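Open the model in your viewer and keep the selection tool ready. The tour goes stop by stop: select, look, move on.

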Amino acid sequence: MRSTIITLLTLLSILSTTEGYAQIKFKSISLEEAKTLARAEDKLIFIDFWATWCKPCIEMEKETFSNTKVGAAINANYIPLKLDVDYFENMDIKEDYNVSIMPTILIINPDGEVQNRLMGKKSPESLMTELNLPYYEDTVVD
């Protein structure tokens, strides 16, 4: 019982900590809703597959997704989604896209076709480079 409570408190701490860092405005919508929105806005979908137990995922949240330039670029160019792979409703999406490494970022079009797959922890610089977006180094949020 005690270990369950400690685990729960740890997860709540992680979630509340990471929420304060994000500059990317991840949408709280389903993948199907994201596809509809992406079609309407003529954008691609940025999907961050992550898990609460994934240390590199949490580091990316704090170091990469907290970067204001990264946030501005992702928010302007993509429909951003964050999918926790341990949630039942996201397991099928994880399997459909053959995601087995955390973190994984997929860029998909409104038809669900993968345009880019980024695996592993990315710094702000490397994420922007791999997405072919400009990056200016002096904008990390403390």
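Start with Glu59 and Lys55, a salt bridge whose closest N and O atoms are 4.0 Å apart. Bear in mind throughout that this is a predicted model. Both residues sit in helix α3 (residues 55–63). They are 4 residues apart, about one turn of the helix. Color by accessibility here: Glu59 is partly exposed, at 24% relative accessibility, while Lys55 is exposed, with a relative accessible area of 58%. Now add Glu63 and Lys121 to the selection: salt bridges with shared partners join Lys55, Glu59, Glu63 and Lys121 into one network.

**The cysteine pair**

Select Cys54 and Cys57. Their sulfur atoms lie 2.3 Å apart, and the two residues form a disulfide. How many disulfides are there in total? The count is 1. Look along the S-S bond: the angle about it is 80 degrees, and the link of Cys54 and Cys57 is right-handed. Are these two cysteines buried or exposed? Both Cys54 and Cys57 are buried.

**Two further salt bridges**

How many salt bridges does a search of the whole structure find? The search finds 9. Side chains of opposite charge can pair when their charged atoms come close.

Select Asp111 and Arg39. Their closest N and O atoms are 2.8 Å apart, and the two form a salt bridge. This pair links distant parts of the chain, with the two positions 72 residues apart in numbering. Asp111 is in the loop between β3 (104–108) and β4 (114–119), and Arg39 is in helix α2 (residues 31–41). Asp111 counts as exposed, because its relative accessibility is 56% and the cut-off for exposed is over 50%. Arg39 is partly exposed, with a relative accessible area of 47%.

Next, select Glu41 and Lys43. This salt bridge has its closest N and O atoms 3.3 Å apart. Glu41 is partly exposed at 39% relative accessibility. Lys43, at 19%, is buried, because buried means under 20% relative accessible area.

**Into the cores**

Hide the charged side chains and show the nonpolar ones. The largest nonpolar core has 20 residues. Which of them touch the most other members? Select Leu31, Ile45, Ile47, Phe49, Tyr97, Met102 and Ile108. Now color by element: α2, β1 (44–50), β2 (78–84) and β3 each give two or more residues to this core. β1 gives the most, with 4 residues.

Center on Ile108. Leaving aside residues up to four places away in sequence, Ile108 touches Leu31, Leu44, Ile45, Ile47, Tyr97, Glu113, Val114 and Gln115. Apart from the largest core lies another one, of 17 residues. Select some of its members, including Tyr78, Ile105, Ile107 and Met128.

**Last stop: helix α4**

Select residues 68–77, which make up helix α4. Which residues of this helix are buried? Val70, Gly71, Ala73 and Ile74 are. Show their surroundings: the cover over the buried residues of α4 includes β1, β2 and α6 (124–130). Finish at the start of the helix. There a side-chain oxygen of Asn67 reaches to within 2.9 Å of the backbone nitrogen of Lys69.

Terms used:
Residues are numbered from 1 along each chain as its sequence is written. This is a predicted model: local features need pLDDT of at least 70, side-chain atom pairs count only at pLDDT 80 or more; totals for chains, interfaces and linings use all residues. Side-chain values use heavy atoms; hydrogens and water are left out. A disulfide is a pair of cysteine sulfur atoms within 2.5 Å. Buried means under 20% relative accessible area, exposed over 50%, partly exposed in between (1.4 Å probe, protein chains only). A salt bridge is a side-chain nitrogen of Lys or Arg within 4 Å of a carboxyl oxygen of Asp or Glu. A nonpolar core is a set of buried Ala, Val, Leu, Ile, Met, Phe, Trp, Tyr and Cys residues joined through side-chain atoms within 4.5 Å. Contact means heavy atoms within 4.5 Å. A polar contact is a pair of N or O atoms within 3.5 Å; within protein, one must be able to donate a hydrogen and the other to accept it, and residues adjacent in sequence count only if both atoms are side-chain atoms.
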